[in-house]
Amino acid sequence: MTKVQLFLKGLSYSQTHSGAYALVLGEDEQNIRLPIIIGGFEAQSIAMAVENEMKVPRPLTHDLFKKFAETFGIEIVEVVIHKLEEGVFYSYIVCTMGDREEILDARPSDAVALAIRFNCPIYTTEEILAKAGVVIDDPDKPKSKPAQKATSDESSSSNLSNKSIEQLKKMLQKAVDAEDYEYAARIRDEMSKRGYSGM
């Protein structure tokens, strides 16, 4: 099995799965993107880890797992997305505790959320990239159109579009403090849509 390192390229609303997100991982040399559909909770957890300026009042599940692992001397060495069957991706996490190494089965969404927190590499295979990867012309601009928000989100999205970046930043922190991560994700998406990346 030839491993290829992937990097987190973004998160967006899924065009085909209501309430889900597309986790976009990328391989840089050939400009290949690997989109994986994940749940809203996992998407928010990944976004919170990436945008570490946002403080939460209580730890998220993946933060708790990291604290637990660190307390008992467990390190995550790497994450490998190793199988794709009937549209479902499978992955495992390689952990070490001293001289002992263990391989744990995990959903790709959880594995990536932990990889970001442990700052460890994410890999897949050449076969999976050939089967499910999307080649893009420009590394910063995918061929496909951006995901459209569902009809149920249109009213809240239009309300957000009337706000300034400063107002959105305050609303974002307030949503995080209230643990309303779904609303926080909508605000973050509105800010990203305007090209704001200093979240």
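Here is a short exchange about a predicted model, asking how its labels are earned.

User: What makes strand 2 and strand 3 a pair?

Analyst: Two strands pair if there are at least two bridges between them. Strand 2 (residues 20–27) and strand 3 (residues 32–39) have 8 bridges, in the antiparallel sense. One of the partnerships puts Val-24 with Pro-35 in strand 3. The two strands also form a hairpin, with 4 residues between them. In that turn, Asn-31 has a positive phi of about 55 degrees.

User: How do you know that strand 3 also pairs with strand 8?

Analyst: The cut-off is at least two bridges. Strand 3 and strand 8 (residues 134–135) are joined by 2 bridges and run antiparallel. Ile-32 has Val-135 of strand 8 as its bridge partner. The count meets the cut-off, so the strands pair.

User: What is the order of the strands in the sheet?

Analyst: The order is 6-5-4-7-1-2-3-8. It is an open sheet of 8 strands, with mixed pairing.

User: Why are strand 6 and strand 8 called edge strands?

Analyst: Strand 6 (100–106) and strand 8 each pair on one side only. Elsewhere in the sheet, strand 1 and strand 2 run antiparallel and are joined by 6 bridges. There, Leu-11 stands opposite Leu-23 in strand 2.

User: Which strands does helix 1 touch?

Analyst: Helix 1 (residues 40–50) packs on the sheet and touches strand 1, strand 2 and strand 3. Its direction makes about 120 degrees with that of strand 3.

User: Why is helix 1 called roughly parallel to helix 3?

Analyst: Their axes come within 9 Å and cross at roughly 10 degrees. Angles under 35 degrees count as roughly parallel. The crossing angle falls under that limit, so helix 1 is roughly parallel to helix 3.

User: Which residues make the contact of helix 1 and helix 3?

Analyst: Helix 1 brings Glu-42, Ser-45, Ile-46, Ala-49 and Val-50. Helix 3 brings Ser-109, Asp-110, Val-112, Ala-113, Ile-116 and Arg-117. They divide into 6 nonpolar, 2 polar and 3 charged residues.

User: What makes Glu-78 and Lys-3 a salt bridge?

Analyst: The limit is 4 Å from a side-chain nitrogen of Lys or Arg to a carboxyl oxygen of Asp or Glu. Here the N to O distance is 2.9 Å, so the pair qualifies. This pair links distant parts of the chain. Glu-78 is in strand 4 and Lys-3 is in strand 1 (residues 3–13), 75 residues apart.

User: Are Glu-78 and Lys-3 buried or partly exposed?

Analyst: Buried means under 20% relative accessible area. Glu-78 has 15%, so it is buried. Partly exposed runs from there up to 50%. Lys-3 has 36%, so it counts as partly exposed.

User: How do you know that Lys-83 and Glu-85 form a salt bridge?

Analyst: Their N to O distance is 3.9 Å. The limit is 4 Å, so the pair counts. Lys-83 has 31% relative accessibility, so it is partly exposed. Glu-85, at 41%, is partly exposed as well.

User: What separates Lys-169 and Glu-166 along helix 6?

Analyst: They are 3 residues apart in helix 6 (residues 165–177), which means about one helical turn. Their closest N and O atoms are 3.4 Å apart, and they form a salt bridge. Lys-169 has 34% relative accessibility and counts as partly exposed. Glu-166 has 48%, so it too is partly exposed. Another group, Glu-42, Arg-107 and Asp-110, is joined into one network by salt bridges that share partners.

User: How many salt bridges are there in the whole structure?

Analyst: A search finds 9.

User: Why is Glu-86 called exposed?

Analyst: Exposed means over 50% relative accessible area. Glu-86 has 84%, so it is exposed. Glu-86 is in the loop between strand 4 (75–85) and strand 5 (88–97). Its phi is near 50 degrees, a positive value in a residue other than glycine.

User: What makes Asn-119 exposed?

Analyst: Its relative accessible area is 72%. The cut-off is over 50%, so Asn-119 is exposed. Asn-119 is in the loop between helix 3 (108–118) and strand 7 (122–125). Its phi is positive, about 55 degrees, although it is not a glycine.

Conventions: Residues numbered from 1 in each chain as written. Predicted model: local features only at pLDDT ≥ 70, side-chain atom pairs only at ≥ 80, totals over all residues. Heavy atoms only, no water. Buried < 20%, exposed > 50% of the residue type's maximum accessible area, 1.4 Å probe, protein only. Contact = heavy atoms within 4.5 Å. Axes fitted to C-alpha atoms, helices over the stretch in contact; angles between N-to-C directions. Parallel < 35°, antiparallel > 145°, perpendicular 65-115°, else oblique. Nonpolar A, V, L, I, M, F, W, Y, C, P; charged D, E, K, R; others polar.
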